[in-house]
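Student: I have a structure open and would like to go through it with you. Can we start with the sheets and then move to the empty spaces?

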Amino acid sequence: MATSTQPTPRADAILDAVRRAARQEQFLEVVSPEEARRRFEAHIDIAPLPAENVGLAASPSRVLAVDVIAPVDAPPFDRANVDGFALRAADTAGASDGAPKRFALNAEVIACGVAPVIEIRPGTATTIATGGVIPRGADAVVMIEHTELIEGDPPAIDVRRAAAPGQFVSYAGSDIARGETLLRKGTHIGSREIGMLAACGLAAVEVVRRPRVAVLSTGDELIAPGEELRPGGVYDSNGAILAAAISEAGGEPVPFGAFPDDEAVLGKTLRTALEACDMVVLSGGTSKGAGDLSHRIVSQLGKPGILVHGVALKPGKPLCLAVVGDTPLVVLPGFPTSAIFTFHSFVAPLIRARAGLSPEAARAVTARVPLRIPSELGREEFVLVSLVAGNDGFIAFPTGKGSGAVTAFSQADGFLAIDALASALDANTEVDVTLIGKDAKAPDVVIMGSHDVALDVVVGALAERGFHGRTIAVGSLGGVSAASRGECDIAPVHLVDAATGIYNKHLLAPGLSLVPGWRRMQGFVFRAGDARFEGKSADAALKTALEDPSALMVNRNAGSGTRVLVDDLLRGAKPAGYANQPRSHNAVAAAIAQHRADWGIAIAPVARMYGLAFLPIAPEHYDFLLVDARRERPAVQAFLRALRDEAVRGRIRALGMEPAD
């Protein structure tokens, strides 16, 4: 029987998709950031939007659209500044402790909100409260402390100090005068301005309308937060990130949601967004890979159309800037860090301008970069960094997270720029670091080295005690180097001495002490039910894995304590998957759970978390190198106390680890 060699329709579709992905159309034209801004700004209106009337409660952080003229005086009448007695200053002339002046008290008390009815005659006074209306005939107030009550009918007071005209009196309009310019157009409204407006009786105010910004995400892989994560799917974090960033920049986000790569649906939604909003921000679909439709759709929406597609930035090269009619449309890269970088560079300034806000001034500090950072020629590169205080100023450590990391931007203190003509930034270079956010501050304690889930428990205990701890995961060897150079306070380590089998003590050097942490079990990790490893010891399972070419390993990164253990176990062997070197136990477990690898070495709590089988190899000591010169710092002392706290130790045990004695 003959066998057909004709490809099936499904096979044809797969081959077409592979060919499209392999071709990867190029960007229209990669231009410099300066040229991209020039082209974009030539086609957009950056003037503040028209005014709208809002109540005072809705006006904080808004911008006045017009000058505000005071409609009334404040105070609206002459008022007393102290509790005392309203009288004529001339009648107190010569008063002293030895020769007091006596005044008959009028039969009324002027409290706040009460209009006086009795005129002040010579030799008389009226009791008045702070804020009370100065009665007719009075021109001063004496404090109650400078008088003595004389009982009688009517009662009287003796005044023991002379008063000057206007003493303790605030005159009508002395604070705000009717007709004066109270606040000027362009003023950013805060609590102080609210107080001034309310003092003039204004319940509403004309402010610049916030630009309405449509927020869309695209990608077949996107899943709305709250739904179950399917294989190959990722949650749409960009939509939430960008909506919050739009609010922070002074805009009004209008979420449209996440859409699959369906040209008809996405095109229709974009047209709706363009009609309803002042600008549109779409994330994803800019790199022109297989399934990316954004560029083609945007190019069909109207003139002037796409102005820029490709900017010499890293991250952020796939940025697409377009204008449809009068409405700006920006397509940001899909990776979160790329999206937020390009948003702050190109979109946030436009939102601020349309909202009437002034350009945001960048804040920067000088810092030393302790290690070499390679860079790509031809693209200005922004590198996110964490700042720590060194002996001679700030030290900037790259976060080590790529443009796909959701946490990269939120956990960084700032970023540095590497020139497009530089292939690297040399170690120990002094650079300007642009700070991110208004609340950036130096941490109370810096912890650099190996990361562990139980370390989060200790750092959380520090936070409960009012201390801000910064953890930077650089591996055990990186932590040793940082502690030796005085670039951190504490370095978590778990490195065994090959000669003695003892953990961490061989790392001690002058100026460093070793603080015991906890014990955790390292083991051979695999999917439950894998007959190749099920029921065996760790040694036997490892032997099987090394003999089976189909058993794919997932390794750990060089410099980590686990990598040292792995290389010791392998004794020079480099099985399939050895080059796959993620930076955490979680990444090892995820690769195995998702069938991207079959085995690896990780700690028991993480294997349990991912539902994997675990064969114990050996307990290891997770300890802390302490820089002696920092020991007496309050935050370091708090860290040491937290390690001994029974509640903290109990939480560490609950994770499957045993605190050291």
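Tutor: One term before the sheets: two strands count as paired if DSSP finds at least two bridges between them. Keep in mind that this is a predicted model.

Student: Fine. What is the strand order in the open sheet of six strands that contains β16?

Tutor: The order is β16-β13-β17-β21-β20-β18, and the pairing is mixed. The edge strands are β16 (252-259) and β18 (304-309), each of which pairs on one side only.

Student: By how many degrees are neighbouring strands of this sheet turned against each other on average?

Tutor: By 15 degrees, with direction ignored.

Student: Which helix packs on the sheet?

Tutor: Helix α4, residues 237-249, packs on it and touches β13, β16, β17 and β21 (327-332). The direction of α4 makes about 165 degrees with that of β13.

Student: And β13 with β17, parallel or antiparallel?

Tutor: Strands β13 (residues 212-218) and β17 (residues 279-283) run parallel and are joined by five bridges. One of the pairs puts serine 217 with its bridge partner serine 283 in β17.

Student: Next sheet. What is the order in the open sheet that contains β7?

Tutor: That open sheet of six strands reads β7-β4-β6-β5-β9-β8, again with mixed pairing. β7 (140-143) and β8 (147-150) each have a single partner strand, so one side of each is left without a neighbour in the sheet. The twist from one strand to the next averages 40 degrees.

Student: How do β8 and β9 pair, in the parallel or the antiparallel sense?

Tutor: Antiparallel, over four bridges, with β9 covering residues 156-159. Leucine 149 has isoleucine 157 in β9 as its bridge partner, and threonine 147 stands opposite valine 159.

Student: How many residues does the hairpin that joins β8 to β9 run through?

Tutor: Five residues.

Student: Backbone oddities now. Which peptide bond to proline 75 is cis?

Tutor: The bond from alanine 74 to proline 75 is cis, with omega near -5 degrees. Proline 75 lies in the loop between β2 (68-69) and β3 (79-80). The bond from lysine 303 to proline 304 is also cis, with omega near -5 degrees. Proline 304 has its place in strand β18, one of the edge strands of the sheet we began with.

Student: What is the phi of serine 61?

Tutor: Phi there is near 75 degrees, a positive value in a residue other than glycine. Serine 61 is in the loop between β1 (51-55) and β2.

Student: How many disulfides does the count come to?

Tutor: Zero. The cut-off for a disulfide is a pair of cysteine sulfur atoms within 2.5 Å.

Student: Why is cysteine 200 without a bond to cysteine 112?

Tutor: The closest cysteine sulfur to that of cysteine 200 is in cysteine 112, and it is 19 Å away, so the two are too far apart for a bond.

Student: On to the empty spaces. What is the volume of the second largest pocket?

Tutor: About 1100 Å³. The lining of that pocket has 47 residues, and Thr399, Ile472, Ala473, Val474 and Arg583 lie nearest its centre.

Student: Which elements give two or more residues to that lining?

Tutor: The strands are β25 (393-398), β29 (445-449) and β30 (469-473). The helices are α8 (407-411), α9 (453-464), α10 (475-484), α12 (561-570) and α13 (585-593).

Student: How do the residues of that lining divide into nonpolar, polar and charged?

Tutor: There are 17 nonpolar, 23 polar and seven charged residues.

Student: And how many cavities of 30 Å³ or more does the count come to?

Tutor: One. The largest cavity has a volume of about 30 Å³.

Student: Which residues line the largest cavity?

Tutor: The lining consists of His494, Leu495, Val496, Tyr503, Gly561, Val564, Leu565 and Glu620. Five of these are nonpolar, two polar and one charged.

Student: Which element gives the most to that lining?

Tutor: α12, with three residues. Helix α12 is also among the elements that give two or more residues to the lining of the second largest pocket.

Technical notes:
Residues numbered from 1 in each chain as written. Predicted model: local features only at pLDDT ≥ 70, side-chain atom pairs only at ≥ 80, totals over all residues. Heavy atoms only, no water. 1 Å grid on protein atoms, 1.4 Å probe; cavity = no way out; pocket = protein on both sides within 12 Å on 5 of 7 lines; lining within 4 Å. Points joined across faces, edges and corners; volume = space filled by probe spheres on them. Nonpolar A, V, L, I, M, F, W, Y, C, P; charged D, E, K, R; others polar. Axes fitted to C-alpha atoms, helices over the stretch in contact; angles between N-to-C directions. Contact = heavy atoms within 4.5 Å.
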